[in-house]
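Me: I've got a structure open and I'd like to talk it through. Can you take my questions one at a time?

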Amino acid sequence: MSIKILLDKCTGCTLCVKACPFGAIAMIDRPARIATQSVAGGPADAPGKGKKVAEIDLDVCTLCGACVPSCKFNAIELKKELGGSGRDLSHFKGVWVFAEQREGKIQSVAFELLTEGKKLAADLKTELCAVLCGDPSIEEEIDHLFGYGADKVYLITHPELKHYHTAPYTRAIAEAITKYKPEIMLLGATTLGRDLAARLAIRVGAGLTADCTGLAIDNGLLQQTRPAFGGNIMATIQTPKHRPQMATVRPKVFRKVKVQNVKIKTDENVIRFKPVISEEDLLVKLLEIVEDETVKVNLAEAEIIVSGGRGLGEAKNFKLIEELAAVLGGAVGASRATVDAGWISAHHQVGQTGKTVCPKLYIACGIAGKIQHLAGMQSSDTIVAVNKDPDAPIFKVAHYGIVGDLFEYVPLLTRRLKELQG
Amino acid sequence: MDIIVCIKQVPDTTEVKINPETNTLIREGVPSIVNPFDENAIEAALQLKEKHGGKVTVITMGPPQAAEALKTTIAMGADEAILISDRAFAGSDTWATSYTLSQAIKKLGKFDLIICGKQAIDGDTAQVGPGIAEWLGIPQVTFAFKLETNDGKAKVERMLEEVNEIVECPLPAVVTVVKQMNEPRLPSLKGMMKAKKAEIKNLTAADIEADPTNIGLNGSPTNVVKIFTPPPKGGGEILSGEPEEIVNKLIDKVKERKII
């Protein structure tokens with residue numbers, strides 16, 4: 001983004017000086033003469049509009065935009081432009097990971113991204129930073145971020161950041177990015193991460209790649225690999241000329257690993273940042289959170305998922321799937337057909353129109369395995385398929401297949417596992 | 001209630017096949033369709049119009065043949081359809097696409113609501129809807145499955161990973177919708193007749209006064225450097241034997257992999 005005062009419109013009224021939360025605007029004497037070659041034939045210095053004009057100290061300005069609506073004469077222009085375009089990119093440094101938190105608890109995907117980000121930062125010989133937003137009590141969670149390898153934590157606190165809302169989060173993180181200039185920013189490809197990243201990238205002028213399944217550094221650039229065309233092809237994407245290079249990454253693609261040399265929290269490695277959030281950022285109000293009673297384990301975070309498909313025949317047979325999931329301590333998944341038929345709620349749906357999952361074990365029961373379903377689960381560590389049809393496409397991605405009736409095998413498996421557990 | 005729906009014409013990815021010899025995508029003969037989530041967006045807009053009156057305008061950025069997708073939306077009941085098409089838009093990523101659509105929307109004048117599908121099934125980014133909202137400086141509500149409007153406000157239910165969220169949002173705003181929103185109607189016979197005769201207005205880069213640095217390849221910070229097909233999965237081991245035996249084998253295999 002860039003900001004400038006349109007001198008032909010500025011009257012020197014000083015309203016913007018009062019509106020700026022950072023003291024970045026001062027009044028200066030109106031320049032004696034302003035070059036006239038600019039706006040085609042327009043009045044250049046518009047004489048008689050006051051002796052003083054506003055000037056913005058760009059070293060202090062965070063581009064927060066608070067001054068723009070304060071000006072009654074539309075004399076302040078805040079323009080979105082691609083970050084770092086055509087400029088020296090070397091002052092963009094550091095790999096940032098957005099530490100997604102819900103209800104004050106940092107989500108697993110943040111630790112996975114820190115683990116992967118550590119490798120990227122090592123390749124780039126730069127530091128790994130976590131960005132944690134929340135109300136002031138979130139500070140208690142900081143040690144977890146150091147535990148997974150963060151060199152530094154940007155702690156952004158404000159009462160309005162307790163729960164996620166697009167506008168205040170975008171405002172807060174955009175201010176931090178503008179000020180501290182990271183070269184890479186990674187976010188989890190969760191509903192929250194994708195909602196935030198898409199808006200943030202436009203605000204700060206970053207290239208953004210969605211839903212990556214692979215990251216690497218080549219020639220100093222982030223190589224972002226992701227599926228497209230419903231998982232039929234893979235594309236590698238890079239952002240050569242603009243910064244930061246932003247990507248959302250699917251949960252469970254990378255493993256989280258605690259580091260040996262954990263940094264101790266100090267005044268140097270915790271950068272405290274208090275964003276300026278305006279009324280305009282608080283227009284969307286959360287009225288209610290509706291729990292889904294049938295969701296016992298979050299699919300996206302589950303280590304084991306047992307999924308049911310059309311082969312179940314009717315809604316009540318999902319009980320078989322639930323029993324097997326329970327004995328394994330896993331989550332219940334479902335194919336689109338079963339959700340469309342109303343057998344189970346949409347929170348359980350795996351696949352292109354549902355969730356993308358990547359558990360250690362995925363057991364597909366009575367699921368044929370259309371490309372849309374495979375797109376959502378084929379990167380699971382171990383896939384087991386139970387299906388009557390030996391030609392079902394699910395067997396193409398399964399590590400272990402059972403050609404047979406799920407009504408025979410699923411209860412048998414549940415019983416045997418129970419026996420083993422004693 | 002004036003509603004703008006943004007759509008994309010996409011290849012039907014369910015029909016995409018891989019050539020087993022070259023391991024590349026077979027694009028020939030793959031039909032082009034209106035992105036399925038965008039059909040949910042149109043249906044949502046039509047239902048709001050039926051309730052509150054007003055107008056539904058559908059826009060798309062794409063090559064000239066994307067006019068076909070717009071005609072489908074007229075057949076469903078949209079009042080007007082506008083194609084934003086120009087060679088200068090070629091190679092747009094989500095930055096350039098959201099900019100271009102937002103410029104066109106500014107040109108269209110007053111609106112109360114913009115509805116988009118949550119994502120397109122070819123790119124799967126879910127980035128253009130929020131991008132439009134940011135360019136226009138209005139609120140966004142993503143992953144909606146219920147949408148009511150009343151008195152300049154929208155009440156929206158969002159589908160998240162484990163829970164649903166009910167939010168209230170002042171209009172104008174951008175709402176992106178998931179499949180559970182509704183069941184899109186089929187084009188009516190009358191609608192198809194109307195679509196046949198319908199004139200699709202075309203807007204160029206000049207018409208929408210686009211900044212050349214923000215459109216097409218120039219305005220796209222991301223570049224695709226490589227496309228490849230994932231190695232074909234050969235399939236794993238089919239376990240054989242008596243049912244008890246198979247189940248025991250499976251448990252052993254899973255144990256070997258240290259999962260349980």
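**The sheet in chain A**

Reply: Sure, starting with the sheet: chain A has an open sheet of 7 strands, in the order β11-β15-β10-β5-β8-β9-β16, with parallel pairing. Its edge strands, pairing on one side only, are β11 (207–212) and β16 (270–273) of chain A. From one strand to the next, the twist averages 20 degrees. A word on the labels: this is a predicted model, where local features need pLDDT of at least 70, side-chain atom pairs count only at pLDDT 80 or more, and totals for chains, interfaces and linings use all residues. Residues are numbered from 1 along each chain as its sequence is written, while chains are lettered from A and ligands numbered from 1 in the order in which they are written.

Me: Which residue stands opposite A:Val95?
Reply: Strand β5 (residues 95–98) and strand β10 (residues 184–188) of chain A pair in the parallel sense over 3 bridges. Strands are DSSP runs of E, at least two residues, and helices are runs of H or I, at least four, numbered from the N terminus; two strands pair if DSSP finds at least two bridges between them. Opposite A:Val95, in β10(A), is A:Ile184.

Me: At what angle does α6(A) run to β15(A)?
Reply: Helix α6 of chain A covers residues 191–204, and it lies across β5, β10, β11 and β15 (245–249) of chain A. Axes are lines fitted to C-alpha atoms, for helices over the stretch in contact, and angles run from 0 to 180 degrees between N-to-C directions. For α6(A) against β15(A), that's about 165 degrees.

**Where the chains meet**

Me: Is α6(A) parallel or oblique to α4(B)?
Reply: The axes of α6(A) and helix α4 (residues 128–136) of chain B come within 8 Å and cross at roughly 40 degrees. Angles under 35 degrees count as roughly parallel, over 145 as roughly antiparallel, 65 to 115 as roughly perpendicular and the rest as oblique. So α6(A) is, relative to α4(B), oblique.

Me: How many charged residues are in the contact of α6(A) with α4(B)?
Reply: α6(A) brings A:Asp195, A:Ala198, A:Arg199, A:Ile202 and A:Arg203, and α4(B) brings B:Pro130, B:Gly131, B:Ala133, B:Glu134 and B:Trp135. Contact here has C-beta atoms, placed from the backbone, within 7 Å. Ala, Val, Leu, Ile, Met, Phe, Trp, Tyr, Cys and Pro count as nonpolar, Asp, Glu, Lys and Arg as charged, and the others, Gly among them, as polar. By class that gives 5 nonpolar, 1 polar and, for charged, 4.

Me: How many nonpolar residues are on the side of chain B that touches chain A?
Reply: Across the two chains, 66 residues of chain B are in contact with 69 residues of chain A. Elements supplying at least two residues each to chain B's side include α3 (94–108), β9 (140–150) and α6 (243–256). Its residues divide into 18 polar, 13 charged and, for nonpolar, 35.

Me: Which residue of β15(B) stands opposite A:Gly401?
Reply: Strand β22 (residues 400–403) of chain A is joined by 2 bridges to β15(B), and they run parallel. Opposite A:Gly401 is B:Ile238.

**One residue in chain B**

Me: Is B:Ala173 buried or exposed?
Reply: B:Ala173 lies in strand β12 (residues 173–177) of chain B. Beyond its neighbours within four places in sequence, its contacts include B:Leu113, B:Ile138 and B:Ala154. A residue is buried if 20 or more other C-beta atoms, placed from the backbone, lie within 10 Å of its own, exposed if 12 or fewer, and partly exposed in between. B:Ala173 has 22 C-beta neighbours inside 10 Å, so it counts as buried.
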